[in-house]
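Here is a walk through one protein chain and its ligand. Start at the binding site, then step back to the whole fold.

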Amino acid sequence: MKTPSKSNPQGLWYQHAIFYEVNLRAFYDSNGDGHGDLPGLIQKLDYLRDLGVDCLWLMPIYPSPRHDDGYDISDYCGIDPVFGTLDDFKQLLDEAHQRGMRVITDLVLNHTSDQHPWFQAARADRNSPYRGYYVWSDTGQEYKDARIIFTDTETSNWTFDPVAGQYFWHRFYKTQPDLNFDSPAVQQAMLDVAKFWLDLGIDGFRVDAPPYLFEREGTSCENLPETHTYLKKFRTFVEFQNPEALLLSEANQWPEDVIEYFGNGDEMHMNFHFPLMPRIFQSLALADRAPIEEILARTPALPANCQWATFLRCHDELTLEMVTPEVRQFMWNFYAPEPRMRLNMGIRRRLAPLLENDPARIRLAHSILLTLIGSPTLYYGDEIGMGDNIWLEDRNGVRTPMQWNASPNAGFSASPTLYAPVIADDVYGYRRLNVEAQEKDPDSLLNWLRRVIATRRLYPAFGDGTLTLLPVQNPAILACMRQNGTQTLLAVNNLSAAPQTFSLDLPDGKLKPLLDDQPADFNLPGYGFQWYELLP
Ligand code: NOJ
């Protein structure tokens with residue numbers, strides 16, 4: 001057991017962790033087949049450790065026909081051969097653990113691929129024991145109050161299967177039939193899957209799409225009490241296998257519904273704060289902290305052993321499901337003027353292009369991410385400000401190969417053909433924008449992020465402290481006070497392009513700047529920010 005220190009605080013590891021989402025296919029190709037793989041990721045673990053990452057979140061690694069980039073699983077207890085083998089995965093766990101990092105992977109409870117043997121058996125025979133693993137209908141008329149999620153591709157949550165002679169239920173693509181969680185066999189099967197990976201030494205799961213496990217007539221079929229009952233059972237089971245394992249849940253819901261996913265500290269340890277994310281961008285666009293302030297005022301306190309996961313971008317579109325129709329239109333107009341930038345209820349662009357590749361705004365967004373609340377999750381490539389390719393289908397434009405250096409294929413792969421083209425334009429292209437170039441430049445985004453993450457690590461109240469937004473008169477200033485039993489921290493952020501001077505009503509004490517030696521006089525340049533410790 002390590003002695004707790006400032007940089008290794010006592011308490012719950014996930015409340016102090018920096019998460020990093022790895023798109024394995026995009027990360028590093030070790031065998032020259034054009035796809036990133038597990039041995040490739042292992043070779044890059046030092047890079048991630050040096051960035052200050054504590055926990056890797058791997059997008060689905062399982063065998064899959066990949067109609068939804070692996071979120072359509074055809075075998076829950078295997079590794080897609082394109083990524084390597086189970087032995088490679090065990091080696092990844094060992095090597096990550098040796099470097100003090102943990103590894104979680106996506107676990108898709110809600111649905112399987114239509115190629116999964118369970119679905120193939122179910123559709124082929126009404127009397128198959130697997131028929132009851134899925135949700136069937138003779139008419140496809142049930143559950144009319146459930147919304148459609150992939151609005152750009154799907155017109156119904158029911159699809160008729162001619163082999164089965166019935167309609168099957170699916171909340172996502174029609175290649176992803178929903179499992180029937182009313183079936184005790186399905187409930188048990190998913191516990192068995194969790195046990196398989198926990199036995200291998202995995203550190204937890206990112207639980208994909210938890211709101212949709214059950215269906216009930218006359219409801220939206222989201223957040224049902226039955227879902228919470230099952231998730232609590234799942235948590236108890238996981239905790240029994242490994243008391244340190246993490247359940248990071250992806251309930252894309254309003255704060256008052258999300259809070260239910262934490263239970264009394266006995267359901268999910270963490271959940272992404274979906275409503276907060278678009279409001280960070282909205283506040284930046286308006287130079288006004290009000291959207292952030294309003295959603296945080298609406299965010300209930302968490303049980304002591306829980307934590308929010310915060311993020312700026314991820315592998316999906318920047319979702320605008322948790323904003324009003326007016327705000328959605330504003331965000332589309334502001335951040336996605338080109339129709340091709342829009343997808344479903346969101347925006348398929350990466351962080352740097354969204355912020356017009358403006359270093360000041362990109363750093364400010366990270367300052368907010370690292371100091372506001374919760375544990376920050378970085379999306380691969382955003383640490384170097386990678387661009388996107390909106391002309392690729394679906395969400396593939398934000399999943400292009402990682403840009404390691406200026407050599408052909410961005411140093412990602414030696415293959416003549418890649419799973420997706422590298423970004424090669426003048427601004428975001430790999431010849432200019434890559435890890436190797438940024439490592440050499442002390443002022444690069446990468447080196448700056450390494451420094452601020454290292455600073456954050458020294459101040460545990462950024463992870464576990466309470467948050468108070470200070471009532472500054474100037475609406476462009478977002479001032480966050482974070483306090484735990486031993487520390488008081490302050491982060492001030494200027495959301496506007498113009499310099500701002502302001503005053504704050506603070507408890508007595510001396511402000512120690514944490515990011516540089518500037519005096520604490522609250523003069524911030526456009527998009528400037530500063531972090532302080534308040535010393536007694
Ligand atoms: C949420 C995932 O983030 C997304 O990529 C996927 O398409 C859906 N769940 C369906 O699994």
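This is a predicted model. Begin with the shell around the ligand. By class, that shell holds seven charged residues, two polar ones and three nonpolar ones.

Which residues surround the ligand? Asp68, Tyr71, His111, Phe150 and Phe172 are among them. So are Arg206, Asp208, Glu250, His315 and Asp316. Arg395 and Arg399 complete the list.

Now look at the polar contacts with ligand oxygen atoms. Asp316 places a polar side-chain atom 2.5 Å from an oxygen atom of the ligand. For Asp208, a polar side-chain atom lies 2.8 Å from a ligand oxygen. For Arg206, the distance from a polar side-chain atom to an oxygen atom of the ligand is 3.1 Å. On its own, the ligand has 300 Å² of accessible area, and the protein covers 98% of that.

Where does the ligand sit? The space it takes is the largest cavity.

Step back to the whole chain. It contains 21 strands and 16 helices. Along the principal axes, the C-alpha atoms fill a box of roughly 75 × 55 × 50 Å. Is the chain's radius of gyration in agreement or at odds with that of a compact globule? The chain has 536 residues, so a compact globule would have a radius of gyration near 24 Å. The chain has 23 Å, which agrees.

Key. Residues are numbered from 1 along each chain as its sequence is written. This is a predicted model: local features need pLDDT of at least 70, side-chain atom pairs count only at pLDDT 80 or more; totals for chains, interfaces and linings use all residues. Side-chain values use heavy atoms; hydrogens and water are left out. A residue is near a molecule or strand if one of its heavy atoms lies within 4 Å of it. A polar contact is a pair of N or O atoms within 3.5 Å; within protein, one must be able to donate a hydrogen and the other to accept it, and residues adjacent in sequence count only if both atoms are side-chain atoms. Accessible areas come from the Shrake-Rupley method with a 1.4 Å probe; for residues, only the protein chains shown count as cover. On a 1 Å grid over the protein atoms alone, a cavity is a set of points where a 1.4 Å probe fits but cannot get out, and a pocket is an open set with protein on both sides within 12 Å along at least five of seven lines; lining residues have an atom within 4 Å of a point. A molecule sits in a cavity or pocket if more than half of its atoms lie within 2 Å of its grid points. Ala, Val, Leu, Ile, Met, Phe, Trp, Tyr, Cys and Pro count as nonpolar, Asp, Glu, Lys and Arg as charged, and the others, Gly among them, as polar. Helices (H or I, at least four residues) and strands (E, at least two) are DSSP runs, numbered from the N terminus. The radius of gyration is taken over C-alpha atoms; the globule rule is 2.2 Å times the number of residues to the power 0.38.
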